[in-house]
Amino acid sequence: MSNPNSNSTEVITANLLRFAGYGLLLLALSNFADALIPPRFGQDAGWEFSTLGKLVGTSPVPIIGLILVFYGEATARSPLGKTILKILSWLSLVLSILFIVMLLIGISAAIRINGDNNTQASAVLSQQLSQFNTIKENLKNTNDANLRKAAEFIEKRSPSIKLNKDNPAELRKQLETEIVKNENAIKQNIQEGQTKAGRQLIKQACKWYFEAIVSAFVLFGIWNQTKWTRTNSRRKKKGGKTPTSLADVASAPTFENETSDSEN
């Protein structure tokens, strides 16, 4: 025999949890709108990739919200509440599919971002090498007076560099060495930046892909475990009695119990 006071407390607790769940779902709706509006799919790979990060970063909010809303199943629900549960059950499946779609979009975006980064690095390197080639050509064609002026300018900007301004031939070799040294430093910096950016992109992508897969899997599980919201009418006909409290739900006969009773 169930305790009426205990049942009332359980219903109040369930309603409180459901209320919190609806609040979390509204917050999730706000987060999704902020991430997806205005949409720039197919136009901006960076936006697509960051949108995936925003969605998976806030995925616990709708998941926890849905679990809280479904708490207690159909007990102490109004007809409208049961209809909302049915919609939310299907929404779980829609969100699961959304995370899979965003995962595929994120993979495509990461590939495009990596390609853009490589293209940009190549363009910067090409521009820098072109400038160094121009400087080398000017160094070959300039006279000794301009060579000394260039040496004075370099020493003024970089006091650590000591040049032999009294010997033009030696000075020309020193300047050529400094140009090659700077050229190699620029190449190394660009290659290191390119490698670092690629490594960071892969690390971030793997994290977000994993979170998207987990989120999709959990949401699909919620949809699968809430079949009762989509087959409510049929359950009523089989059970013959609608539970009136959470205790009734817990004490309701299972399929196995019904089978053993009929055998006895």
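**Cores and salt bridges in the predicted model**

In this predicted model, the largest nonpolar core holds 30 residues, and the members that touch the most others are Phe49, Leu52, Leu66, Phe70, Phe99, Tyr209 and Leu219. Several helices chip in: α1 (4-36), α2 (45-57), α3 (60-69), α4 and α6 each contribute at least two residues to this core. Helix α4 gives the largest share, with nine residues.

Tyr209 is a handy place to look at how this core is put together. Leaving aside residues up to four places away in sequence, Tyr209 is in contact with Phe49, Leu52, Leu103, Gly106, Ile107 and Ala110. Two of these partners, Phe49 and Leu52, are themselves among the residues that touch the most other core members. There is also a second core, separate from the big one, made up of nine residues. Ile161, Leu163, Leu171 and Leu175 are among its members.

Turning to charged side chains, the model has six salt bridges. One of them pairs Lys136 with Glu183, with an N to O distance of 2.8 Å. Lys136 sits in helix α4 (residues 79-141) and Glu183 in helix α6 (residues 168-225), so this salt bridge ties together parts of the chain that lie 47 residues apart in sequence. The two ends of the pair sit in rather unlike surroundings. Glu183 counts as buried because its relative accessibility is 8%, under the 20% cut-off. Lys136, at 29%, counts as partly exposed, since that class covers values between the 20% and 50% limits.

Other salt bridges stay inside a single helix. Glu211 pairs with Lys207, and their closest N and O atoms are 2.7 Å apart. Both residues belong to helix α6, where a spacing of four residues puts them about one turn of the helix apart. Neither end is tucked away: Glu211 is partly exposed at 23% relative accessibility, and Lys207 is also partly exposed, with a relative accessible area of 44%.

Glu178 and Lys181 make another such pair, with 3.6 Å between the closest N and O atoms. These two are three residues apart in helix α6, so about one helical turn separates them.

Taken together, helix α6 turns up in both parts of this picture. It supplies at least two residues to the largest core, and it carries Glu183, the partner of Lys136 in α4. It also holds the Glu211 and Lys207 pair, as well as Glu178 and Lys181.

Notes: Residues are numbered from 1 along each chain as its sequence is written. This is a predicted model: local features need pLDDT of at least 70, side-chain atom pairs count only at pLDDT 80 or more; totals for chains, interfaces and linings use all residues. Side-chain values use heavy atoms; hydrogens and water are left out. A salt bridge is a side-chain nitrogen of Lys or Arg within 4 Å of a carboxyl oxygen of Asp or Glu. Buried means under 20% relative accessible area, exposed over 50%, partly exposed in between (1.4 Å probe, protein chains only). A nonpolar core is a set of buried Ala, Val, Leu, Ile, Met, Phe, Trp, Tyr and Cys residues joined through side-chain atoms within 4.5 Å. Contact means heavy atoms within 4.5 Å.
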